[in-house]
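Work through the exercises below with the structure open beside you. Try each task before you read its solution.

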Amino acid sequence: MANYDVLDATVTGYLEFTVRFADGLSGTVIIAPSKLYGVFQKLSDPEIFKQIRVTDGFVSWPCELDLAPDAMYEAIKRDGVWVLT
């Protein structure tokens with residue numbers, strides 16, 4: 001069984017960051033601009049996006065937004081990247 005806990009998240013560009021999971025798997029996450037609506041709209045502000053953090057194994061931001069680590073893990077394991085569209 002995979003360990004979906006995220007240990008590190010580092011911004012590498014606008015709407016892009018790398019992650020490293022507890023089992024050593026790492027990869028890139030890209031948030032497509034088309035995803036920037038609803039709860040994700042706040043991430044369109046580069047200053048908010050830069051406030052990325054890891055909280056209890058989740059990638060999160062202070063605007064009360066986090067990403068599902070299991071979906072992220074499975075996509076990165078398969079493709080090396082998770083693109084949220």
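## Exercise 1: A pair of strands

Task: Find how strands β1 and β2 pair, and over how many bridges.

Solution. Strand β1 covers residues 6–13, and it pairs with β2 in the antiparallel sense over six bridges. The model is a predicted one. Next, look at the connection: β1 and β2 form a hairpin with two residues between them. In that turn, L15 has a positive phi of about 65°. Last, pick a position across the pair: V11 stands opposite F17 in β2.

## Exercise 2: Aromatic rings

Task: Classify the ring pair formed by F17 and W61, and say which parts of the chain this pair ties together.

Solution. Step one is the count, which comes to five aromatic pairs. One of them joins F17 and W61, with 6.0 Å centre to centre and 80° between the planes. Planes over 60 degrees apart count as edge-to-face, and this pair is indeed edge-to-face.

Step two is the position of each ring. F17 belongs to strand β2 (residues 16–21) and W61 to strand β5 (residues 58–61), so the pair ties together parts that are 44 residues apart in sequence. Both F17 and W61 are buried.

Step three concerns other rings: Y4, F21 and Y73 are linked by ring pairs into a cluster.

## Exercise 3: Salt bridges

Task: List the salt bridges in the whole structure and state how exposed each partner is.

Solution. The search gives three salt bridges. A side-chain nitrogen must lie within 4 Å of a carboxyl oxygen, so check each distance against that cut-off.

- R20 and D8 meet at 2.2 Å, N to O. R20 is in strand β2 and D8 in strand β1, so this pair ties together parts that are twelve residues apart in sequence. R20 counts as partly exposed, at 36% relative accessibility, and D8 counts as partly exposed at 32%.
- K50 and E47 meet at 3.5 Å, N to O. K50 counts as exposed at 52% relative accessibility, while E47 is partly exposed with a relative accessible area of 48%.
- D79 and R78 meet at 3.1 Å, N to O. D79 counts as partly exposed at 48% relative accessibility, and R78 counts as exposed at 61%.

## Exercise 4: A charged residue without a partner

Task: Decide whether K35 is buried or exposed, and find which side chain of opposite charge is nearest.

Solution. First locate K35: it is found in the loop between β3 (26–31) and α1 (46–49). K35 is buried, yet it has no salt bridge. The nearest side chain of opposite charge is D66, 12 Å away. A salt bridge needs a distance within 4 Å. Then list the contacts: not counting residues up to four places away in sequence, K35 touches F40, L84 and T85.

## Exercise 5: The nonpolar core

Task: Describe the largest nonpolar core and find which element gives it the largest share.

Solution. Start with size and membership. The largest nonpolar core has 24 residues, and those with the most contacts inside it are F17, V19, I31, V59, W61, L67 and M72. Two or more residues come from each of β1, β2, β3, β5, β6, α2 and β7. The largest share, four residues, comes from α2.

Now turn to that helix, which spans residues 69–79. Its buried residues are P69, M72, Y73, A75 and I76. They pack against β1, β2, β3, β5, β6 (65–67) and β7 (81–84). Just after α2, G80 takes a positive phi of about 85°.

Finish with one core residue, I31. Leaving aside neighbours within four places in sequence, I31 is in contact with L15, F17, L36, L43, F49, W61 and L84. In soluble globular proteins, nonpolar side chains tend to be buried together.

## Exercise 6: A residue of helix α1

Task: State how exposed I48 is, and find which residues I48 is in contact with.

Solution. I48 is placed in helix α1. Its relative accessible area is 23%, and I48 is partly exposed, because buried would require a value under 20%. Leaving aside neighbours within four places in sequence, I48 is in contact with K42, L43, W61 and C63. As for L65, it is 17 residues from I48 in sequence and 11 Å from I48 in space, C-alpha to C-alpha.

How values were computed: Residues are numbered from 1 along each chain as its sequence is written. This is a predicted model: local features need pLDDT of at least 70, side-chain atom pairs count only at pLDDT 80 or more; totals for chains, interfaces and linings use all residues. Side-chain values use heavy atoms; hydrogens and water are left out. Rings of Phe, Tyr and Trp (its six-membered ring) pair if their centres lie within 6.5 Å; planes under 30 degrees apart count as stacked, over 60 as edge-to-face and the rest as tilted. Buried means under 20% relative accessible area, exposed over 50%, partly exposed in between (1.4 Å probe, protein chains only). Two strands pair if DSSP finds at least two bridges between them. Lys and Arg count as positive and Asp and Glu as negative; His and the chain ends are not counted. Contact means heavy atoms within 4.5 Å. A nonpolar core is a set of buried Ala, Val, Leu, Ile, Met, Phe, Trp, Tyr and Cys residues joined through side-chain atoms within 4.5 Å.
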